[in-house]
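Dear colleague,

Please find below the structure that I am handing over to you. My notes on its salt bridges and on one of its helices follow.

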Amino acid sequence: MDSPWDDLALAFSRTSMFPFFDIAHYLVSVMAVKRQPGAAALAWKNPISSWFTAMLHCFGGGILSCLLLAEPPLKFLANNTNILLASSIWYITFFCPYDLVCQGYSYLPVQLLASGMKEVTRTWKIVGGVTHANSYYKNGWIVMIAIGWARGAGGTIITNFERLVKGDWKPEGDEWLKMSYPSKVTLLGSVIFTFQHTQHLAISKHNLMFLYTIFIVATKITMMTTQTSTMTFAPFEDTLSRMLFGWQQPFSSCEKKSEAKSPSNGVGSLASKPVDVASDNVKKKHTKKNE
């Protein structure tokens, strides 16, 4: 007989993301677009560009995973229901009279609810990406990790292309060079679900989905209530880097040798200057005597 925990986790894993969780995902994504400098003015001046940017944020994970698997990148447009739903969220967010949607979203409980529901969709996207990649490459765990990561955090990654097109790209904001918290936690989830899918992790999928979702939702709510933009993985990353690559050395052996040589050369050059000056003085004295 199954335990109540298994029944709860199994029922949770069978929860449909449409429409409520998808609405929360689209709302949070579109609000992130509107908070960008000049986004509201761009929507009135060029609504097509604003709509395209919003769709990249909403469906960026699916687009990126399609590109990696050599599938049509516009495959997401085939789901007319989700496109219409996301477009409706974009329209009422930017063009609602008196900006009622943004005013309602400004309340913290609404933001906590929407962001928590968005994190639930992240779990479903990671699992879907890992399963979809396994259908192409059986037990190809590197591909499965990459596709799960792309589908779960592709919105934050593919928007670098959007910033590059608009001329707003900056190296310090590149997601590949400096990964944000959503990218890190999605990569961690993709690795965990890949190991579970390849049977290297002895836990059922519905239990893992439930535990991982609780972790990311609780972390996201904690970040929002404490008003911290990032939940650092620095202690874990530092410990892992020391285990894999050893203690961090401030200078390499070659740099130490070059630094050891440079002071001696400097001392030698300084010491040679008085000798040269003394020899010049001796020469001058000899010339005076000869005269």
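The structure, which is a predicted model, holds three salt bridges.

The pair formed by aspartate 99 and lysine 34 has its closest N and O atoms 2.8 Å apart. Aspartate 99 is located in the loop between α5 (80-95) and α6 (100-105), whereas lysine 34 belongs to helix α2 (residues 20-34), so this salt bridge ties together parts that are 65 residues apart in sequence. The two partners may also be described by their accessibility. Aspartate 99 has a relative accessibility of 30% and therefore counts as partly exposed. Lysine 34, with a relative accessible area of 15%, is buried, because the cut-off for that class is under 20%.

A further salt bridge joins lysine 75 to glutamate 71, and here the closest N and O atoms are 3.6 Å apart. This distance qualifies because the criterion is a side-chain nitrogen of Lys or Arg within 4 Å of a carboxyl oxygen of Asp or Glu. Lysine 75 is partly exposed, at 44% relative accessibility, while glutamate 71 is buried, its relative accessible area being 9%.

The remaining pair consists of glutamate 119 and arginine 122, whose side chains meet at 2.9 Å, N to O. Both residues lie in helix α7, three residues apart, which is about one turn of the helix. How accessible is glutamate 119, and is it buried or exposed? Its relative accessibility is 4%, so glutamate 119 counts as buried. Arginine 122 is likewise buried, with a relative accessible area of 8%. As a general matter, side chains of opposite charge can pair when their charged atoms come close.

I turn now to helix α10. Helix α10 comprises residues 205-225, 21 residues in total, and spans 30 Å from its first C-alpha to its last, close to the 30 Å expected at 1.5 Å a residue. Its buried residues include Leu208, Met209, Phe210, Ile216, Val217 and Met223; Asn207, Tyr212, Thr213 and Thr219 are also among them. Which elements cover the buried residues of α10? The cover includes α1 (4-13), α7 (108-136) and α9 (181-197). Helix α7 thus appears in both parts of these notes: α7 carries glutamate 119 and arginine 122, and α7 helps to cover the buried residues of α10. After α10 comes glutamine 227, which has a positive phi, near 60 degrees.

With kind regards

Definitions and conventions. Residues numbered from 1 in each chain as written. Predicted model: local features only at pLDDT ≥ 70, side-chain atom pairs only at ≥ 80, totals over all residues. Heavy atoms only, no water. Helix = DSSP H or I, 4+ residues; strand = E, 2+ residues; numbered from the N terminus. Expected span 1.5 Å × (residues − 1). Buried < 20%, exposed > 50% of the residue type's maximum accessible area, 1.4 Å probe, protein only. Contact = heavy atoms within 4.5 Å.
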